[in-house]
Amino acid sequence: MQTFGRQPAFVARAPGRVNLIGEHTDYNDGFVLPMAIDRDVTIIGASRDDRVVRLRSVNFGDETSFALDRIEKAHDGAWSNYARGVADVLQRAGFALCGFDGVIYGEVPIGSGLSSSAAIEMATLMAFAAAGAGGSAPLALDGAQAARLAQRAENEFVGVNCGIMDQFIASLGKAGHALFIDCRSLAYELTPMPKGVTVLVVDTSAPRSLAASAYNERRAQCEAAARLLGAPALRDVSAETFERRRGELPDLIARRAAHVIYENRRVLDAVAALRASDVATFGRLMNQSHASLRDAYEVSSKELDAVVEIAQRVPGVYGARMTGAGFGGCAIALVDDAQVGALTQAVLHEYPRRTGRAPKVYACVASNGASWRTL
Ligand code: GLA
């Protein structure tokens, strides 16, 4: 806040996430099981008495400002579009906002598939909540409503057609828990993470090429499959119905649909395994999820496959899979606490030999969703 010559009055934050299982199911009205991680996007700030927002980014070393009465999009790809989008959507939803000066700092790796964008959106939303409505009380928003608004900012303002998972977990995650979400009803349930195991994240350091266009293409293929099967969404197609009618679909569309339909089942089985502290079953489901994303949904990459193969061979690893949209980014492994060192060594040693790239490895702890407090 020194750059603005002001004392900070609030701190707002939101975490990144990993998805344990349930990939590319959220936009099919299906089930997901993410957890928030112990890496945040943080904004420290102070409200202003006019309707201007000034934000300085520590990561990018730049500053942006916009007037709440005329929010324009910055250039494509600019980080500030997430903040601008949130302001725009909140106002269009009828919330009165107050301007603020803020410094934003992210420790969620950028563009690695750990949802740094949803974390910026939710942290900005929390900053507006803290700044209040111009001298009056803070904004009152419940966690699910906040997530939906942040998703709308990404869909309508930024122009990325993502599902609800990332914003929802950034909003409603809880320390020590995974969050089981029904992406149709938005009903959710916190499920304790088992003791004695670690979620290890491996960033492949590979660029996520074609991610946006391939993502939209997969969505369109799922919608086509649902249409051809006469269902509102793939969520509504049981495995039995699908197997009976699979021949009616073009082969590519059938493979995409198969991934989604069986992945939904795997999430339900994984939640049951988690409730029973059955880590072995949970890990097997993770492995199956990865195979399906690689072979049927075709959103993995040779780097993600390499991490998963290396991890799956290490004793004490229950399961491993890519996480997030895919096409590069991060993989996760569920590993016995005692074997975290061995797994890290295996990845650091073998991954560069197989891919020529240097991986980054983080052990993650399930953490709390977005929050703010006064200073
Ligand atoms: C991205 C999107 C999510 C979800 C995942 C794939 O993270 O933002 O909504 O679709 O990909 O599971």
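A polar contact is a pair of N or O atoms within 3.5 Å; within protein, one of the two must be able to donate a hydrogen and the other to accept it, and residues adjacent in sequence count only if both atoms are side-chain atoms. The model is predicted, so local features need pLDDT of at least 70 and side-chain atom pairs count only at pLDDT 80 or more, while totals for chains, interfaces and linings use all residues. Residues are numbered from 1 along each chain as its sequence is written, and side-chain values use heavy atoms, with hydrogens and water left out.

One such polar contact, of 3.2 Å, joins the side chains of Ser 115 and Asp 166. Ser 115 is found in the loop between strand 5 (100–106) and helix 2 (116–131); helices (H or I, at least four residues) and strands (E, at least two) are DSSP runs, numbered from the N terminus. Ser 115 counts as buried because its relative accessibility is 8%, where buried means under 20% relative accessible area, exposed over 50% and partly exposed in between (1.4 Å probe, protein chains only). With residues up to four places away in sequence not counted, Ser 115 touches Gly 16, Arg 17, Val 108 and Asp 166, contact meaning heavy atoms within 4.5 Å. The phi of Ser 115 is near 65°, a positive value in a residue other than glycine.

Leu 186 also has a phi near 65°, again positive in a residue other than glycine. Its loop runs between strand 6 (177–182) and strand 7 (188–192). At 12% relative accessibility, Leu 186 counts as buried.

Further along the chain is an open sheet of 4 strands in the order 9-10-8-11, with antiparallel pairing; two strands pair if DSSP finds at least two bridges between them. Strand 9 (317–323) and strand 11 (360–364) stand at the edges with a single partner strand each, so one side of each is left without a neighbour in the sheet. On average, neighbouring strands of this sheet are turned by 20° against each other, direction ignored. Strand 9 is joined to strand 10 (residues 330–336) by 6 bridges, and the two run antiparallel. The bridge partner of Gly 319 in strand 10 is Leu 334.

Two helices lie across strands of this group. Helix 8 (residues 279–295) lies across strand 8 (197–203), strand 9 and strand 10, running at about 35° to strand 9. Helix 10 (residues 340–355) lies across strand 8, strand 9, strand 10 and strand 11, at about 15° to strand 8. For these angles, axes are lines fitted to C-alpha atoms, for helices over the stretch in contact, and angles run from 0 to 180 degrees between N-to-C directions.
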